[in-house]
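Student: Could we go through this structure together, one helix contact at a time?

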Amino acid sequence: RSVVMPCSDADFIEAKNTIENADFEQTKLTIAKQIVASELMTASQLGEIARLFDFEQTKLEFLKYAYKYCFDPNKYYLVNNVFEFSSSVDELNKYISRQ
């Protein structure tokens with residue numbers, strides 16, 4: 001039986017660089033979604049990726065999408081500090097409670 005481990009630091013740096021190098025917000029989002037769907041990440045790592053987006057709405061969309069791929073969903077509260085508006089935190093928490 002294999003042990004499930006979150007994304008290594010080296011792979012995480014590579015993933016972040018790939019996302020950062022995209023020119024457009026929507027492209028960054030597409031790449032980020034592809035990466036998290038294939039690479040288990042911690043809540044902390046997902047928060048770092050969310051910070052690569054310029055817009056609150058994109059951060060929210062990404063973090064909703066990424067939740068089901070999170071290695072430690074019990075720590076998902078860590079991503080809340082990427083938001084500027086408490087309404088985004090509320091919306092994310094409502095989304096999570098419905099999952």
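**Helix packing and the core**

Tutor: Let us begin with one helix pair: α3 (43–50) passes α4 (56–66) in a right-handed crossing. A crossing is right-handed if the near helix is turned clockwise from the far one by less than a right angle, and left-handed if anticlockwise. Helices here are DSSP runs (H or I, at least four residues), numbered from the N terminus.

Student: What kind of model is this, and how are the residues numbered?

Tutor: This is a predicted model, in which local features need pLDDT of at least 70 and side-chain atom pairs count only at pLDDT 80 or more, while totals for chains, interfaces and linings use all residues. Residues are numbered from 1 along each chain as its sequence is written, and side-chain values use heavy atoms, with hydrogens and water left out.

Student: Back to α3 and α4, then. At what angle do they pack?

Tutor: The angle is about 155 degrees, and the axes are 10 Å apart. Axes are lines fitted to C-alpha atoms, for helices over the stretch in contact, and angles run from 0 to 180 degrees between N-to-C directions. The angle therefore makes α3 roughly antiparallel to α4. The cut-offs are under 35 degrees for roughly parallel, over 145 for roughly antiparallel, 65 to 115 for roughly perpendicular, and oblique for the rest.

Student: Which residues meet there?

Tutor: From α3, Leu 46, Ile 49 and Ala 50 meet Lys 59, Phe 62, Leu 63 and Ala 66 of α4. Contact means heavy atoms within 4.5 Å. By class, this contact has six nonpolar residues, no polar ones and one charged. Ala, Val, Leu, Ile, Met, Phe, Trp, Tyr, Cys and Pro count as nonpolar, Asp, Glu, Lys and Arg as charged, and the others, Gly among them, as polar.

Student: Which residues of α4 are buried?

Tutor: They are Glu 56, Thr 58, Lys 59, Leu 60, Phe 62, Leu 63 and Ala 66. Buried means under 20% relative accessible area, exposed means over 50%, and partly exposed lies in between (1.4 Å probe, protein chains only). These buried residues pack against α2 (25–38), α3 and α5 (86–97).

Student: How do α2 and α4 run, parallel or antiparallel?

Tutor: Their axes come within 10 Å and cross at roughly 15 degrees. That makes α2 roughly parallel to α4, and the crossing is right-handed. In α2, Glu 25, Leu 29, Ala 32, Lys 33, Val 36 and Ala 37 meet Thr 58, Glu 61, Phe 62, Tyr 65 and Ala 66 in α4. By class, this contact has seven nonpolar, one polar and three charged residues.

Student: Phe 62 keeps coming up. What does Phe 62 touch?

Tutor: Not counting residues up to four places away in sequence, Phe 62 touches Leu 29, Ala 32, Lys 33, Val 36, Leu 46, Ile 49, Ala 50 and Phe 53.

Student: And the core: how many residues does the largest nonpolar one have?

Tutor: The largest nonpolar core has 31 residues, and those with the most contacts inside it are Met 41, Leu 46, Ile 49, Phe 62, Leu 63, Tyr 76 and Leu 92. Helices α1 (9–20), α2, α3, α4 and α5 each supply at least two residues of this core, and α2 gives the most, with five. Such a core is a set of buried Ala, Val, Leu, Ile, Met, Phe, Trp, Tyr and Cys residues joined through side-chain atoms within 4.5 Å.

Student: Moving on to α1, how does it lie against α2?

Tutor: The axes of α1 and α2 come within 8 Å and cross at roughly 155 degrees. That makes α1 roughly antiparallel to α2, in a crossing that is right-handed. Ala 15, Thr 18, Ile 19 and Glu 20 in α1 meet Lys 28, Ile 31, Ala 32 and Ile 35 in α2.

Student: Phe 12 is in α1 too. Is Phe 12 buried or exposed?

Tutor: Phe 12 is buried, with a relative accessible area of 6%. Among the residues that Phe 12 touches, not counting those up to four places away in sequence, are Met 41 and Ile 49. By contrast, Asp 11, also in α1, counts as partly exposed at 35% relative accessibility.

Student: What about Pro 6, before α1?

Tutor: Pro 6 is partly exposed, with a relative accessible area of 21%. Pro 6 touches Leu 40, Thr 42, Gln 45 and Phe 71, not counting residues up to four places away in sequence.
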